[in-house]
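Here's a quick tour of some sheets, the helices that go with them, and a cavity. Have the viewer open and follow along.

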Amino acid sequence: MFQITFGDERYLLVLLVLPVLILMARRSLSDLSSWRMRTAVGMRCLVVTLLVLALAETKRFEIDENFHIAIVADRSLSLPPKFEKDQLDFAVAVAGEMDPITDKGQLVVFGEEALIESRLNPQTDKIRITSVLDRNFTNLEKAIRLAVASFPRGPKRRIVVISDGNENIGDAVAAAKYALSRGVRVDVLPVSYRKEGDALVDKIILPPKIRTGEPFPVRVVVETETERRAEIVLRQGELTIGRADTLLTPGRHLLEFEHTADLRGFQRFEAEINTPDRDPIIDNNRAFTYKTIEGKSSILYVYAGQYNDGFLPDALLEAEIVVDEHSADYFPLYAAELQIYDSIIFDNVPAEALNDDQMAAVEYAVAEYGVGLIMVGGDQSFAAGGWQNTDVEKALPVNCELKQKRVIPNGALAMIMHTCEFADGNTWMKKIAAAALKVLSSRDYVGLLYYAPMLGDKWGFRMQLAEDKQALINEIRDMEPGDMPEFDPTLKLAIQGLTPLNAAVKHVMIISDGDPPPPDPQLIADCKLNKISISTICINPHGGQNGSEVRLMKSLANQTGGKFYFVSNPNTLPQIFTKEAKRVQSKLIVEGDLAVGQLAATEPLRGLSIFPNLYGYVMTEAKDAAEVPLVIGPEKDVLLAHWRYGAGKSAAFTSDATASWAQNWLGWSGGLYNQFWAQLVRWVAKEITESALQVTTRMNGRTAHIVVDAVEGGEFRDDLTLGAKVLTPDGERRLLTFTQTAPGRYETSLDSDEIGSHELSVLAVSDDGEELKAFTGVVFSYSDEYRVLEGALPAEGDTPASQGWTTLMQIREAGGGDVLDWADFEKSLKRDDLDAGRSYIDLWPWLLGLALFLVPIDVGVRRIAIDWAIVRARIQAWLANFRGREKAAAAAATLSALRDKRTEVQSETRKKFESKRPGSGRALIPGFKGRAARPGTIPEAERKLADRKKAPTPQPQAGAFTSRLLEAKRRARKRMEEDERR
């Protein structure tokens, strides 16, 4: 059953003009025949009617009594695992009660996204979840909207939402209202639970403004489900600034710490809760926040080991420069933590003291935050400390590896790998060999040896210059060392490879569990003779730390001047190999009584002209854009170089600042030692300017909304192009672009799946090239799902309802549905409270198309007169011709044959007649008794015909011709009218 309806019925009033249209058409078409006039008027009325119906948006609708249901199941992390099976069992129970003819359904699962998992029908007896969802968030809105979109138009429709209601993305209430407006009811099935035994840190609260040297409160909000003892630890960066051991009762607690900030700038705060009892969810035990602290500028002075000699820090303090001294062991992990400093000084620090992430943070702080950088030399600095090919070297004005200078190769390193004897040993072999290669320069020799099953002891790659390190690393990836039966073959190959090389240092590194037999004493003697040292790394020996294997490995190292390492943690192996690989770099250190020469009077040397001698330095090469005001030694090598790098500046001083090489500088008369270092530090220091950019951030799930307000001198800055560089926790660098949304306001968003600190460097450029900068950070904390300790719990006595219950009740009310329980799977199929569905089909496009099709037909009826007699005759002739084509062809052939026969007979008769004529011209025709024609005479018939041809043709009179023409026209018109009447 279907009915017709209209989108806008007002257009139907136009049909009232049809009578007027009919009268006008009859008058204008009066010269047509009655049949053509009636047809033309009817066609015109039909076209107008079709156009009016199209304008009125004519629709056809049908009443649909079928029923469709969508089970929307929450799969977010806040739900305890046991409810996952309960949701699927509920969906299967609903499917079992569905009518196989009229009912259809689907299961929708959701977390941050929503997906249709499976269709439901009475044959559904088991459901297995195969959809891959991000479960870190609950997006009820997206799930409800997907369920509505999945329904066909027409049938009765219902949604059942199974959830704890702990929505943290979207607006589910708005989605429920939308569903009801589309005729879809929304029921809710609350998931109720209470997580026992969990403890979490909710957030950290800081004052709006913090200044260095002033105490301020730090408030930490924690929550626990049971009474328990807990330790709350508060950190600023990597420094612990507060600790509290307390007994927590069930519920939320606000703990307050008092702290005085010593460091200014952008600081990261972290709170952590630890409990001796079992904590079912550890992902919510930490919370982070950032805060900018105002105060005096300072310098980060970094030294190696546990102590420093204090010469350089004391000189800076006397120049009234605030110095924050740190061992490299406690170097900050994030670039934002370095942004608080005006500059960083590495004083004879080896590269192994920092990991790759810390080096990347240094380079980023210089390039983006404008933090200054100074590297001071020594026997563990520059190439001697393994800084080549690092991110820190990128920011320095010198190359640690000598590329242009002609020197002999620094050293040669042979690595012997017996790594199959501990867990993942061969994987570690590839990591540590790559780490050692990274330290070597392109002028160092390197080779690798191992025992290959079925092939024996062999070179992985022979001794060669480490010029193409990536190619060597690719070769290492294909190696799989086996259990080495003895040291002698590989050690012999190593000696043979190292002996002929022209290298200042020749070194062998052996990593093994120590179970092969001791090497031949003659091989040890050959090593001593050729000045080859051996360092050994013993890992996972069968006899333990005091076994014979350890004694063997120690003996090998001691006899040849190498070092022995006992390793219990494979994570330390790359650092050990890096340290050992640096042994071949000692040639880059030059010592002696060396004169200092000045090439230029740059800003850091203002007021200084005569420089004392130094007793050592590390060879480097200046980069193309660097300034080199001081050189050293007869080769005029770089002593001091400086340049600009990104937003910051950096300098390299290749000698040291201690009594080892710089004893003459320490006694520099007039306090010029202090002046030199103070001027250099102030020159590289970050340039402090008051930024016109104010940055604020707002978190929404995994999206950070970033707003920059550009206001300068009380006026908005609208002429800016804004972008931002982002440094993620894993070191990835991303770019963001801003869109102006209001006067002086620019906005963008940052999405990230990584938990931790994201550091932003915002750059604004005006039309005339002016640059403005600002820095901020965004912390992506653990998912809000881990904050949920209870499900949808109704109010009980004095206990208020949970937030999840409140949200579900709002969804039910907005969606016009019911509250179900787990036994109500039959109630979810209730349809008597639903309006019968209607399915609509638009007819107006078809009506419009038909009207356009009829328009040329209407014109043709009025403009083209058709002689139906001729049409019928031609049709009949065509049909006759089509039906009798073969007969006509046969008749034509027969007629042609008769004509040919007749021609033949006539020809024969003529010949016989002519053959019987007498010579006088008189001929007798057989059987003819009349008189023959006389010669020269014309028969009577021929004569009459000739006379008729000679007679003039009579001309018709004009009046008579016109009369005949009019008479013919009248007869034709009379025939047409008779045809039309018939």
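What follows goes through two sheets in turn and then turns to cavities.

## Before you start

Keep in mind that this is a predicted model. As general background, strands of a sheet pair through backbone hydrogen bonds, either parallel or antiparallel.

## The eight-stranded sheet

Let's begin with an open sheet of eight strands, in the order β17-β16-β18-β19-β33-β32-β31-β28, where the pairing is mixed. The edges belong to β17 (323–327) and β28 (596–598); each has a single partner strand, so one side of each has no neighbour in the sheet. From one strand to the next, the twist averages 15°.

Zoom in on β16 (residues 299–303) and β18 (residues 343–347): they run parallel and are joined by five bridges. Which residue of β18 stands opposite Y301? That would be I345.

Two helices to look at here are α6 and α8. Helix α6 (residues 311–318) packs on the sheet and touches β16, β17, β18 and β19 (372–376). Its direction makes about 165° with that of β17. Helix α8 (residues 356–369) also packs on the sheet, with β18, β19, β32 (637–645) and β33 (648–653) as the strands it touches. The direction of α8 makes about 60° with that of β32.

## The six-stranded sheet

Next up is an open sheet with six strands, ordered β5-β4-β3-β6-β7-β43, and its pairing is mixed. Here β5 (114–120) and β43 (816–819) sit at the edges with a single partner strand each, so one side of each is left without a neighbour in the sheet. The twist averages 20° from one strand to the next.

How many bridges pair β7 (residues 184–190) with β43? Two, and the pairing is parallel. On β7's side you'll find V186, whose bridge partner in β43 is G816.

Helix α4 (residues 140–150) packs on this sheet, touching β3 (67–74), β4 (103–110), β5 and β6 (156–163). Its direction makes about 155° with that of β4. Helix α5 (residues 172–181) packs on the sheet as well, touching β7 and β43, and its direction makes about 140° with that of β7.

## Cavities

The structure holds two cavities of 30 Å³ or more. The second largest has a volume of about 30 Å³.

What lines the second largest cavity? The residues are G370, R644, A647, G648, K649, V684, A685, K686 and E687. Sorted by character, that lining has three nonpolar, two polar and four charged residues.

Definitions and conventions:
Residues are numbered from 1 along each chain as its sequence is written. This is a predicted model: local features need pLDDT of at least 70, side-chain atom pairs count only at pLDDT 80 or more; totals for chains, interfaces and linings use all residues. Side-chain values use heavy atoms; hydrogens and water are left out. Two strands pair if DSSP finds at least two bridges between them. Helices (H or I, at least four residues) and strands (E, at least two) are DSSP runs, numbered from the N terminus. Axes are lines fitted to C-alpha atoms, for helices over the stretch in contact, and angles run from 0 to 180 degrees between N-to-C directions. Contact means heavy atoms within 4.5 Å. On a 1 Å grid over the protein atoms alone, a cavity is a set of points where a 1.4 Å probe fits but cannot get out, and a pocket is an open set with protein on both sides within 12 Å along at least five of seven lines; lining residues have an atom within 4 Å of a point. Grid points are joined across faces, edges and corners, and a volume is the space filled by probe spheres set on the points. Ala, Val, Leu, Ile, Met, Phe, Trp, Tyr, Cys and Pro count as nonpolar, Asp, Glu, Lys and Arg as charged, and the others, Gly among them, as polar.
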